[in-house]
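Open the model in your viewer and keep the sequence panel in sight. The stops below say what to select and what is there.

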Amino acid sequence: MHLAYPAVLAVLLFCTGLYGVLARRNAILVLMSVELMLNAVNLNLVAFDVWLRDALHGGQALTLFTIAIAAAEIGIGLAIVLAVYRNRGSSDIDSLRDTAETDDAETLPDEVDAVRDTTADQATAPAGKAKKAEATA
């Protein structure tokens, strides 16, 4: 068998996966597209291992590592997608852009001080009302 056949199939699989990563908005479809890309790499590793007649079968060993990494990636990725779906009600990637961190770290202590001032005013308000009631009585 020629090396061109599995190589062309791997290129088609990788391009399909790349299109899916770049064009899809659903996080689960993006994860599936990444899996297609990893399977294209696996196909190339096995094809070149057979073509080079490697005595140690390094391509097949690397394929097993790639499969293990892909399984871990899909497990963690699905856990993240499910957590986002539970919190937001959608797994749309475009809606996740508002979860990005901003540089509001400097303004946070001011907001905390404002909250402390409001709670301190609320705590002293009943005592002030009691003093006014005693003064008028």
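**First stop: Ser 91**

Select Ser 91: its relative accessibility is 15%, and because buried means under 20%, Ser 91 counts as buried. The model is a predicted one. Ser 91 sits in the loop between helix 3 and helix 4 (108–136).

Which residues does Ser 91 contact, leaving aside its neighbours within four places in sequence? Select Arg 25, Asn 26, Ala 27, Val 81 and Tyr 85, and you have them. Now draw a distance from the C-alpha atom of Ser 91 to that of Ile 28: the two are 63 residues apart along the chain, and the distance is 7.6 Å.

Move on to Asp 92, which is found in the loop between helix 3 and helix 4 as well. With a relative accessible area of 27%, Asp 92 is partly exposed. Its C-alpha atom lies 6.3 Å from that of Ala 27, although 65 residues separate Asp 92 and Ala 27 in sequence.

**The whole chain**

Zoom out and colour by secondary structure. The chain has 4 helices and 0 strands, and from the N terminus its elements run α-α-α-α. Of the 137 residues in the chain, 16% are buried. Among contacts with a separation of 6 or more, 55% are between residues 24 or more positions apart. If you turn on the surface, the chain exposes about 10,400 Å², and carbon and sulfur atoms supply 66% of that area.

**Helix 2**

Select residues 27–52, which make up helix 2. At 1.5 Å a residue, its 26 residues should span 38 Å, and the end C-alpha atoms are 38 Å apart, so the two values agree.

Which residues of helix 2 are buried? Select Ala 27, Val 30, Leu 31, Ser 33, Glu 35, Met 37, Ala 40, Asn 42, Ala 47 and Asp 49. To see what covers these buried residues, show helix 1 (4–23) and helix 3 (58–88), which are included in the cover. Ala 27 is also one of the residues that Ser 91 contacts.

**An aromatic pair**

Stay on helix 2 and show the side chains of Phe 48 and Trp 51, which both lie in this helix. They are 3 residues apart, about one turn of the helix. An α-helix has 3.6 residues a turn, so residues three or four places apart point the same way.

How many aromatic pairs does a search of the whole structure find? It finds 1. Phe 48 and Trp 51 form an edge-to-face aromatic pair, with 6.1 Å centre to centre and 85° between the planes. Phe 48 is partly exposed, at a relative accessible area of 35%.

**The largest pocket**

Select Met 1, His 2, Leu 3, Pro 6, Val 46, Ala 47, Val 50, Trp 51 and Arg 53, which line the largest pocket. The space in this pocket is about 180 Å³. Which helix gives the most to its lining? Helix 2 does, with 4 residues.

**The loop after helix 2**

Arg 53, one of the lining residues, comes just after helix 2 and lies in the loop between helix 2 and helix 3. Its phi is positive, about 50°, although Arg 53 is not a glycine. Most residues other than glycine have a negative phi. Arg 53 has 73% relative accessibility and counts as exposed.

Next select His 57, in the loop between helix 2 and helix 3. His 57 is also a residue other than glycine with a positive phi, near 55°. At 40% relative accessibility, His 57 counts as partly exposed.

**Helix 3 and its end**

The last stop is helix 3, with 31 residues. At 1.5 Å a residue, helix 3 should span 45 Å; its end C-alpha atoms are 44 Å apart, which agrees. Buried or exposed: what are Gly 59, Thr 63, Thr 66, Ala 70, Gly 77 and Val 81? These residues of helix 3 are buried. Show helix 2 again, since the cover over them includes that helix.

Val 81 also takes you back to the start: Ser 91 is in contact with Val 81. On the way there, select Gly 89, which comes just after helix 3 and takes a positive phi of about 85°.

Methods: Residues are numbered from 1 along each chain as its sequence is written. This is a predicted model: local features need pLDDT of at least 70, side-chain atom pairs count only at pLDDT 80 or more; totals for chains, interfaces and linings use all residues. Side-chain values use heavy atoms; hydrogens and water are left out. Helices (H or I, at least four residues) and strands (E, at least two) are DSSP runs, numbered from the N terminus. The expected span of a helix is 1.5 Å times one less than its number of residues. Buried means under 20% relative accessible area, exposed over 50%, partly exposed in between (1.4 Å probe, protein chains only). Contact means heavy atoms within 4.5 Å. Rings of Phe, Tyr and Trp (its six-membered ring) pair if their centres lie within 6.5 Å; planes under 30 degrees apart count as stacked, over 60 as edge-to-face and the rest as tilted. Accessible areas come from the Shrake-Rupley method with a 1.4 Å probe; for residues, only the protein chains shown count as cover. On a 1 Å grid over the protein atoms alone, a cavity is a set of points where a 1.4 Å probe fits but cannot get out, and a pocket is an open set with protein on both sides within 12 Å along at least five of seven lines; lining residues have an atom within 4 Å of a point. Grid points are joined across faces, edges and corners, and a volume is the space filled by probe spheres set on the points.
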